[in-house]
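Trainee: Could you take me through one part of this structure slowly? I would like to see how helices pack against each other, and then look at a single residue.

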Amino acid sequence: MLIKKEAKKKSVKVTLAKTKSVSKPVLPVKPAVALNLVRGMKDIIPPQGDLWLRMTQTAIDIATAYDFHYFETPVVEATSLFVRSLGRGTDVIDKEMYAFEDRDGGKICLRPEMTASVARSYIMQGMQTLSQPVKLWNIGPLFRYDRPQAGRYREFHQFDCETIGESAPVIDAELIAVAYNYLRDLGLTVTVRINSLGTPTDRANYLVELTGFLRGKRGYLCDDCKKRLLKNPLRVLDCKVDGCSAVVAEAPQIVDWLSETSKTFFMSVLEYLDELAIPYVLTPTLVRGLDYYTHTVFELFEDKHNETAQSALGGGGRYDLLIEQLGGQPTPASGFAIGMERVMHAVQALPNLEPQKISSKPIIFFAHLGEQARRRVLKTIEELRQNGIVVRHNLAKSSLKAQLELANKYNATHTLILGQKEVQDGTVLVRNMESGIQEIVDQNKIRQTIVKILAS
Ligand code: HAM
């Protein structure tokens with residue numbers, strides 16, 4: 001039976017209780033304790049916390065669908081692992097490491113990225129004996145002593161995927177597809193920027209040419225790039241200072257120095273992307289900030305953002321030599337990492353992001369009126385949970401009006417209402433919050449009713 005009620009969504013009037021003036025007892029003044037967040041760190045609180053959970057669930061769903069398996073490695077690692085993997089002359093190693101001496105004098109650090117840790121773990125745990133490729137994924141915290149700004153923190157999190165033990169170009173395309181589709185599933189429109197760094201021989205030949213060119217333009221480079229020219233000239237291509245960008249625009253491009261084999265490999269990756277209709281832009285200046293890459297390198301940018309490297313939502317590439325460099329067998333590998341905080345900011349800035357979109361399912365609220373109903377709701381919540389159904393509720397509130405306001409605040413699509421009459425009748429009211437239409441349902445059919453709503 002359908003009962004049309006007048007009350008529609010958002011029509012619940014809120015009457016604020018009048019505050020009574022009560023004379024407060026005078027308490028002794030305690031010395032203030034300064035509460036500070038360490039610079040570059042942040043809290044994630046509701047409703048961002050709910051969005052964070054949805055981003056995590058989306059990562060679990062896509063990683064599982066592409067047959068990646070979950071891994072954990074410690075946040076604390078030996079400093080030398082990253083120095084050997086990422087290379088001196090990179091910003092992460094030279095400026096951003098959280099490196100310490102342990103109490104026993106050991107040189108340790110908070111990991112600045114996961115790829116080197118995964119490579120270490122692959123070697124140490126004998127993962128080469130597993131069926132190859134080994135496909136691993138994780139979401140975890142990383143630490144870089146960077147200058148904090150929008151989307152740049154000193155503690156941040158990455159959704160990281162690595163495919164180890166396979167050299168086929170299709171693996172690079174699959175990883176790009178996972179990263180791209182992950183962002184798309186969260187409602188973001190992104191473009192992939194892609195380049196090839198070829199083999200170390202290709203790169204050495206290119207570096208001779210690039211260094212010669214940059215020396216001729218030294219006077220136009222910023223002070224940092226003058227140093228980079230000596231230590232790691234490829235990094236000059238990354239520089240965002242205007243004068244340097246102008247020089248870089250004229251510089252020789254690495255694609256012209258790739259061997260035939262490297263070119264064929266790169267073309268093959270691009271053909272797969274064409275097949276998948278993944279939008280990409282060939283970006284000759286894309287060299288990435290870490291030294292371990294060979295062949296494919298890529299970054300993902302939200303379409304509406306302007307073209308600064310800081311707004312990359314994620315990046316990755318092939319690192320065929322890293323495992324061997326760290327003492328393992330020659331093992332090709334490729335991977336990517338997406339910055340969770342940057343994705344969260346981008347999703348929050350989407351037009352029309354309504355709170356309920358933070359959860360991927362319709363939200364159901366369960367309201368009660370009276371003590372008996374409260375007890376029944378408490379019991380039913382657990383019965384529903386055991387059947388995989390989650391309902392919002394607030395058992396501490398007694399007024400139905402207050403609970404309906406809360407349901408509106410949560411953007412609940414439906415509210416179940418259990419009053420004294422319904423407790424006696426063995427029924428429950430199911431109210432559509434948009435239309436205000438209420439339906440009387442048998443209490444034994446609550447689960448089926450919710451399943452139907454969730455599927456709609
Ligand atoms: P990355 O480009 O250094 O690559 O970092 C990947 C993503 O992490 C960036 O695109 C960005 O979204 C996020 N990110 C980096 N630094 C910060 C920061 N300070 N604050 C907030 N977000 C940040 C890597 O880390 C490689 N390990 C990726 C990879 C995996 N390559 C192969 N496998």
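Mentor: Happily; here is a walk through two helix pairs and then one arginine. Keep in mind that this is a predicted model. Two packed helices are described by the angle between their axes and by the distance between those axes.

Let's start with helix H1 (residues 48–65) and helix H11 (residues 340–348), whose axes come within 11 Å and cross at roughly 115°. Angles of 65 to 115 degrees count as roughly perpendicular, so H1 is roughly perpendicular to H11. Their crossing is right-handed. On the H1 side, the contact is made by Gln48, Leu51, Trp52, Met55 and Thr56. Facing them from H11 are Met340, Glu341, Val343, Met344, Val347 and Gln348.

Now turn to helix H2 (residues 79–86) and helix H4 (residues 115–124), which pack at about 105° with their axes 9 Å apart. That angle makes H2 roughly perpendicular to H4. Here Leu81, Phe82 and Ser85 of H2 meet Ala116, Ser117 and Arg120 of H4.

Finally, find Arg203 in helix H6 (residues 200–216). Arg203 is buried, yet it has no salt bridge. The nearest side chain of opposite charge belongs to Asp291, 6.6 Å away, while a salt bridge needs a side-chain nitrogen within 4 Å of a carboxyl oxygen. Leaving aside residues up to four places away in sequence, Arg203 touches Leu197, Gly198, Leu234, Ile254, Asp291, Tyr293 and Thr294. Asp291 therefore appears twice in this picture: as a residue that Arg203 touches, and as the owner of that nearest oppositely charged side chain.

Note on methods:
Residues are numbered from 1 along each chain as its sequence is written. This is a predicted model: local features need pLDDT of at least 70, side-chain atom pairs count only at pLDDT 80 or more; totals for chains, interfaces and linings use all residues. Side-chain values use heavy atoms; hydrogens and water are left out. Helices (H or I, at least four residues) and strands (E, at least two) are DSSP runs, numbered from the N terminus. Buried means under 20% relative accessible area, exposed over 50%, partly exposed in between (1.4 Å probe, protein chains only). Contact means heavy atoms within 4.5 Å. Axes are lines fitted to C-alpha atoms, for helices over the stretch in contact, and angles run from 0 to 180 degrees between N-to-C directions. Angles under 35 degrees count as roughly parallel, over 145 as roughly antiparallel, 65 to 115 as roughly perpendicular and the rest as oblique. A crossing is left-handed if the near helix is turned anticlockwise from the far one by less than a right angle, and right-handed if clockwise.
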